[in-house]
Amino acid sequence: MSLTAILVDGLTVRFGSFRAIDDLSLAIDYGEVRAVIGPNGAGKTTLLDVISGITRPKQGRVLFDGGLDLTQASESAIARAGLRRKFQKPSVFEGLSVRRHIAIGADVGFRSRLDAPALEDRVSEVLETVGLTDQADRLAGELSHGQKQWLEIGMVLASDPKVLMLDEPVAGLTDEETERTAHLVRALVRPDRAIVVVEHDMDFVERIADRVTVLHEGRTLFEGSMDRVRADAAVVDVYLGR
Ligand SMILES: Nc1ncnc2c1ncn2[C@@H]1O[C@H](COP(=O)(O)OP(=O)(O)OP(=O)(O)O)[C@@H](O)[C@H]1O
């Protein structure tokens, strides 16, 4: 295993003549929570789209674990390699139980399929981690917005991901739900896992992130701890001060 989970090297993504990502290079290590922040249109979601194989770049490479070039791999190959994403908009199956969702996540994700008892153990463990044990037999459609977010995190977690991408996990959550989500994200940290979070809630980012990358116009404007990000004049000028 390489120390670097994701290496972005000279990445450029164009939509027509517009560069959503502009010669971007960065490295995300195993064991860290990396927040990617920046103003609307900075290229944050586009970066996640490239890492998950949804968007093909014009130039550059994105290496996973020092080997697989994600810019050349299919979405399914990327998911099989252990890179998983929770999308911004909750999209649970309203008529399926909470437990079933986690089982689907576990079954789809595991490279070697689990036998029934192992799957049951895995589902119980994930339900406990995301705090939904008491809700296990409810239908997903009956959950609150916050619980739906945790359910979706549980679905990706069930596959035991090496890279976990969370796109705006606390958008629309109450303060209390946001606090719980911060605890949850920190509980998911492992030496052999990288967690990448795109988020606009700076207090949340401060709680969870080991390092923060500030994107602006498809490039890195600043990278460092949240303290240093908050103190950087350029970041305040283009983003935090607005
Ligand atoms: N499929 C597309 N076609 C054309 N332009 C696109 C496409 N996808 C994204 N863009 C443009 O690329 C730029 C970067 O978009 P992106 O969604 O990555 O920004 P973001 O940093 O995630 O912003 P937000 O915080 O608003 O989610 C934006 O100007 C957006 O309009």
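Helices, in the sense used here, are DSSP runs (H or I) of at least four residues, numbered from the N terminus. With that in hand, the ligand shell is a good place to start, bearing in mind that this is a predicted model. The largest share of the shell around the ligand comes from helix α1 (residues 44-51), which supplies three residues. The full set around the ligand is Phe 15, Ala 20, Gly 38, Asn 40, Gly 41, Ala 42, Gly 43, Lys 44, Thr 45 and Thr 46. Sorted by class, that shell has six polar residues, three nonpolar residues and one charged residue.

Stepping back to the whole chain, the protein has nine helices and ten strands. Its radius of gyration is 18 Å, close to the 18 Å that the globule rule gives for 242 residues, so the protein is as compact as a globular protein of that length. Taken along the principal axes, the C-alpha atoms fill a box of roughly 50 × 40 × 35 Å.

The protein splits into two domains: domain 1 covers 1-82 + 165-177 + 193-242, while domain 2 covers 90-160. Seven residues of domain 1 and five residues of domain 2 make up the contact between them. On the domain 1 side, the residues touching domain 2 are three nonpolar, two polar and two charged. As for spacing, the C-alpha centres of domain 1 and domain 2 are 26 Å apart.

Now for the sheets. One is an open sheet of four strands, in the order β2-β1-β4-β5, with antiparallel pairing. Its edges are taken by β2 (18-29) and β5, each with a single partner strand, so one side of each is left without a neighbour in the sheet. Helix α1, already met at the ligand, packs on this sheet and touches β1, β2 and β4, with its direction at about 115° to that of β1.

Within that sheet, strand β1 (residues 4-15) and strand β4 (residues 59-64) pair in the antiparallel sense over five bridges. Two of the partnerships are easy to pick out: Thr 12 has Gln 59 of β4 as its bridge partner, and Val 8 has Val 62 of β4. On to the next pair: β4 and strand β5 (residues 68-69) are antiparallel too, over two bridges. Here Leu 63 stands opposite Asp 69 in β5. The hairpin of β4 and β5 has three residues between the strands, and Asp 65 takes a positive phi near 55° in it.

The other sheet to describe is an open one of six strands, ordered β6-β7-β8-β3-β9-β10, and its pairing is mixed. The edge strands are β6 (83-86) and β10 (219-224), each of which pairs on one side only. On average, and ignoring direction, neighbouring strands of this sheet are turned by 20° against each other.

Inside the six-stranded sheet, strand β7 (residues 163-167) pairs with strand β8 (residues 194-198) in the parallel sense, over five bridges. Val 163 stands opposite Ala 194 in β8. Helix α5 (residues 145-157) lies across β6 and β7, and runs at about 170° to β6.

How values were computed
Residues are numbered from 1 along each chain as its sequence is written. This is a predicted model: local features need pLDDT of at least 70, side-chain atom pairs count only at pLDDT 80 or more; totals for chains, interfaces and linings use all residues. Domain bounds come from an automatic or database domain assignment. Two residues are in contact if their C-beta atoms, placed from the backbone, lie within 7 Å. Ala, Val, Leu, Ile, Met, Phe, Trp, Tyr, Cys and Pro count as nonpolar, Asp, Glu, Lys and Arg as charged, and the others, Gly among them, as polar. A residue is near a molecule or strand if its C-beta atom, placed from the backbone, lies within 6 Å of it. Two strands pair if DSSP finds at least two bridges between them. Axes are lines fitted to C-alpha atoms, for helices over the stretch in contact, and angles run from 0 to 180 degrees between N-to-C directions. The radius of gyration is taken over C-alpha atoms; the globule rule is 2.2 Å times the number of residues to the power 0.38.
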